[in-house]
Amino acid sequence: MVKIETKLPKEKKAKKKGKSKLVFWLVLGILFIFALAFGYWLFHTVMSPNVTTPDGKEVVVYIPTGSTYEDMQSILSEADILVNPKSFNWVAQKKEYPENVRPGRYIVKNGMSNNQLVNMLRGGLQNPVKVSFNNIRNVDMLAGRIATQIEADSASISDLLHNEDYINQLGFNNYTIPALFLPDTYEFYWNTDAEGFVVRMFQEYNKFWNEERKQQAQAKGLTPIEVSTLASIVNKETNMSDEMPRVAGVYINRLRNNWLLQADPTLVFAWNDYSIKRVLDRHKEIESPYNTYKYPGLPPGPICIPSIAAIKAVLNAEDHHYFYFCAKEDFSGYHNFAKTLAEHNRNATKYQQALNQRGIMK
């Protein structure tokens, strides 16, 4: 039997092998092009700018507590800062942001990439807000002022400050709670709740009332809360910080000599009528523990949230022999001080005449 050779000629083998290599490199080239294209798309989607803000300025975005990813999308949509919301959503999904939405106040800058924006929101990298308060009459007014600056609403703050069990744990009661707060500017995260605000204020209170200041208070025969109570009266007697230590000295002299304080601002507080410009004899008849014309010693608590300047004025009260003071008749805001009742009456007459000339009767 004759065998038939089935082998291909060498030329045909080489040709076939060449085609296989060509196909391989062609496929590899196509894959490389696709990889480059995907890489470019991925880089563009993740790292390229996708935020455009009005006039290139920073935009503040607030995400309330309890917000879902859908809520957050609506917030960004209303802000109208995303060039391509779909690409942002893709990056957010890949980084598992929908399961990690964090409340807060965020500063969004022009030109941010999806990666930067998602990392900021997912990481809760919010910017703090500066919370300020001063010239506050009571804790309800304070609650309203604070609620305009952080997420906590005024009702939640007010309710907490009227919760006797809670404030007792902090060492205060419904009369003395205004002494907890020290008017100043503080940094808070916007999503701070009512308790978070009060806890921070308690920390600031303890920081302020260090051993040195406690000893200063003790040297005056006062507790820190009593210092704040007297400071609140001083605050309402004068707006002149350079005069506050002298006014404080008058009241300390009265306390040490067991005199009635006879502080007109306490009567205004008792009447809860801040329109009173001239305290009359009828005002002195009100039945109230804040009536310092009837009851000796300090009232049961501050009549306002005193300024730090007034608190320091009490701690550094002037050591003098004045027992009386009366507003100057020139309405400069300063006072005439007197050691005797006769001298004081002369000063008071001059001031009353000035009031009459201006038609201030009540």
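Helices H10 and H11 form a right-handed crossing in this predicted model. In general, two packed helices are described by the angle between their axes and the distance between the axes. Here, the axes of H10, residues 224-237, and H11, residues 244-256, come within 10 Å and cross at roughly 125 degrees. H10 is therefore oblique to H11, since an angle of 65 to 115 degrees would count as roughly perpendicular and one over 145 as roughly antiparallel.

Which residues make this contact? From H10, the participants are Leu-230, Ile-233, Val-234, Asn-235 and Glu-237; from H11, they are Met-244, Val-247, Ala-248, Tyr-251 and Ile-252. Sorted by class, the contact comprises 8 nonpolar residues, 1 polar and 1 charged.

I turn next to helix H6, which spans residues 154-161. Its buried residues are Ile-157, Ser-158, Leu-160 and Leu-161. Because these residues cover an arc of only 160 degrees around the axis, they lie on the same side of H6. What do they pack against? Their partners are three helices: H5 (139-147), H7 (164-169) and H8 (194-208).

My last item is Thr-192, located in the loop that runs between strand S4 (185-188) and helix H8. Is this residue buried or exposed? The relative accessible area of Thr-192 is 14%, so the residue counts as buried, the cut-off being under 20%. With residues up to four places away in sequence set aside, Thr-192 touches Ile-150, Glu-151, Ala-152 and Phe-197.

Note on methods: Residues numbered from 1 in each chain as written. Predicted model: local features only at pLDDT ≥ 70, side-chain atom pairs only at ≥ 80, totals over all residues. Heavy atoms only, no water. Axes fitted to C-alpha atoms, helices over the stretch in contact; angles between N-to-C directions. Helix = DSSP H or I, 4+ residues; strand = E, 2+ residues; numbered from the N terminus. Parallel < 35°, antiparallel > 145°, perpendicular 65-115°, else oblique. Left-handed = near helix turned anticlockwise from the far one by under 90°. Contact = heavy atoms within 4.5 Å. Nonpolar A, V, L, I, M, F, W, Y, C, P; charged D, E, K, R; others polar. Buried < 20%, exposed > 50% of the residue type's maximum accessible area, 1.4 Å probe, protein only. Arc of directions from axis to C-beta.
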